[in-house]
Amino acid sequence: MVDLPSVLLAFTSTLAVTIYLVLVRRLSGLVSGLVASGLVTRRFVERTLSRQLALVEGRLRVSARYKTAWAIVCCMVGVGFYWWTWENGRLFADLAGGPNSTASFETVRRTWWASYETYPLLAAAWVVMGAVGVYFATKQAYIYTQLAQFAWQSRSLWRFQYVPRSRDDDFGWKPVGDVIGIVYVGFLNFTFSVTALLYLLRGNSQAYWNPVIAAFASVGTLTNATVVIALLWVMIRNHRATILGRRKQTSRALRRMEEGVRVRGRNTSRHVHATAQGVLLSEAPRWYPLKGWLKPVFSLLPAAIALSRLVLELRR
């Protein structure tokens, strides 16, 4: 008899810590990475974004008192998860009712690896595991809200520069892509952890808390999906606007140069350079980073999996 939901919960809780640390590190180097890639200028950051960045950094610096208080709350939530699983969860009934099981419900529960009656230290580890997962998942959610607020408040301030593919295969957007990548991994991790929790906390078909758990899972899943889609959209929209604006600028410059060539009767190196730049711009994908239709479809697969799991849990 294998307790796969608890194993999955332990894995996702541990991974949540790593995802949070990587997310913080990538966000801390996001602006400097954009400056280094050439997508924004240091002068622009210092003169235009410094105030907004300072406000975000101040909101993200939570005092030790609040961190401790929230850790205590998460420990209480972990205890609640454990007791809920112990008293009402379907885990022990399913293990006892397995095709190769001859043990009763009480025997399975008493011999469970995290039974507080038989293995109190492992039971404490189960509680800590759940508390750690909740703690870092909520910290990620807090970062997401601050990131969304910063993006909204500074949406009209950003002035992106065109970075040709000859300088950077990602057109200067790699730091943003790195943040989107770790948010996407966090989305997948949340989906699997919620699936495990839905199973562990699920009662009988008439239990009143099933809709509450499903609502919590739905809100979390939609929030994570919204963050991923919003970051992708910001990246696509601004890259597209940068490409289109630079194309118009280059086209106007070429027209002026061609008129000058007709008047003076000679070509110039500036005309050749502008023509080459126009060719590069014409080859730049306006819908980067979505290449083809498969990538956006696969990007929504985690949301589809999570929502399908919710529907199945609600129908049981």
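Helix axes here are lines fitted to C-alpha atoms over the stretch in contact, and the angle between two of them runs from 0 to 180 degrees between N-to-C directions. The model is predicted, so local features need pLDDT of at least 70 and side-chain atom pairs count only at pLDDT 80 or more, while totals for chains, interfaces and linings use all residues. Residues are numbered from 1 along each chain as its sequence is written, and side-chain values use heavy atoms, with hydrogens and water left out.

**The whole chain**

Begin with the full chain in a cartoon representation. The chain holds twelve helices and zero strands; helices (H or I, at least four residues) and strands (E, at least two) are DSSP runs, numbered from the N terminus. Of the 316 residues, 41% are buried, where buried means under 20% relative accessible area, exposed over 50% and partly exposed in between (1.4 Å probe, protein chains only). The chain exposes about 18,400 Å², with carbon and sulfur atoms supplying 64% of it; the areas come from the Shrake-Rupley method with a 1.4 Å probe. Among contacts (heavy atoms within 4.5 Å) between residues at least 6 apart in sequence, 79% join residues at least 24 apart.

**Helix α2 and its neighbours**

Select residues 30–37, which form helix α2. Its buried residues are Leu30, Gly33, Leu34, Val35 and Ser37, and they pack against α1, α3 (42–60) and α8. Add α8 to the selection: α2 and α8 pack at an angle of about 145 degrees, with their axes 8 Å apart. Leu30, Gly33 and Leu34 of α2 make this contact with Pro175, Val176 and Val179 of α8. By class, the residues of the contact are five nonpolar, one polar and no charged; Ala, Val, Leu, Ile, Met, Phe, Trp, Tyr, Cys and Pro count as nonpolar, Asp, Glu, Lys and Arg as charged, and the others, Gly among them, as polar. Just after α2, select Gly38, which takes a positive phi of about 90 degrees.

**Helix α1 against α8**

Next, display α1 (residues 4–28) with α8 (residues 174–201); their axes come within 9 Å and cross at roughly 160 degrees. The two helices are therefore roughly antiparallel to each other, since angles under 35 degrees count as roughly parallel, over 145 as roughly antiparallel, 65 to 115 as roughly perpendicular and the rest as oblique. The crossing of α1 and α8 is left-handed, meaning that the near helix is turned anticlockwise from the far one by less than a right angle; clockwise would be right-handed. The contact of α1 with α8 has 18 nonpolar, five polar and two charged residues.

**Helix α1 against α7**

Keep α1 and add α7 (residues 120–153): these helices pack at an angle of about 35 degrees, with axes 9 Å apart. Their crossing is left-handed. On the α1 side, the residues to select include Leu9, Val17, Tyr20 and Leu27, and on the α7 side they include Trp126, Phe136, Ile143 and Leu147. By class, this contact has 16 nonpolar, four polar and one charged residues.

**Two single residues**

Select Leu15, which lies in α1 and is partly exposed, with a relative accessible area of 26%. The C-alpha atoms of Leu15 and Phe136 are separated by 9.8 Å, although their positions lie 121 residues apart along the chain.

Finish at Thr221 in helix α9 (residues 209–264). Thr221 counts as buried at 2% relative accessibility. Its C-alpha atom is 8.6 Å from that of Val194, 27 residues apart in sequence.
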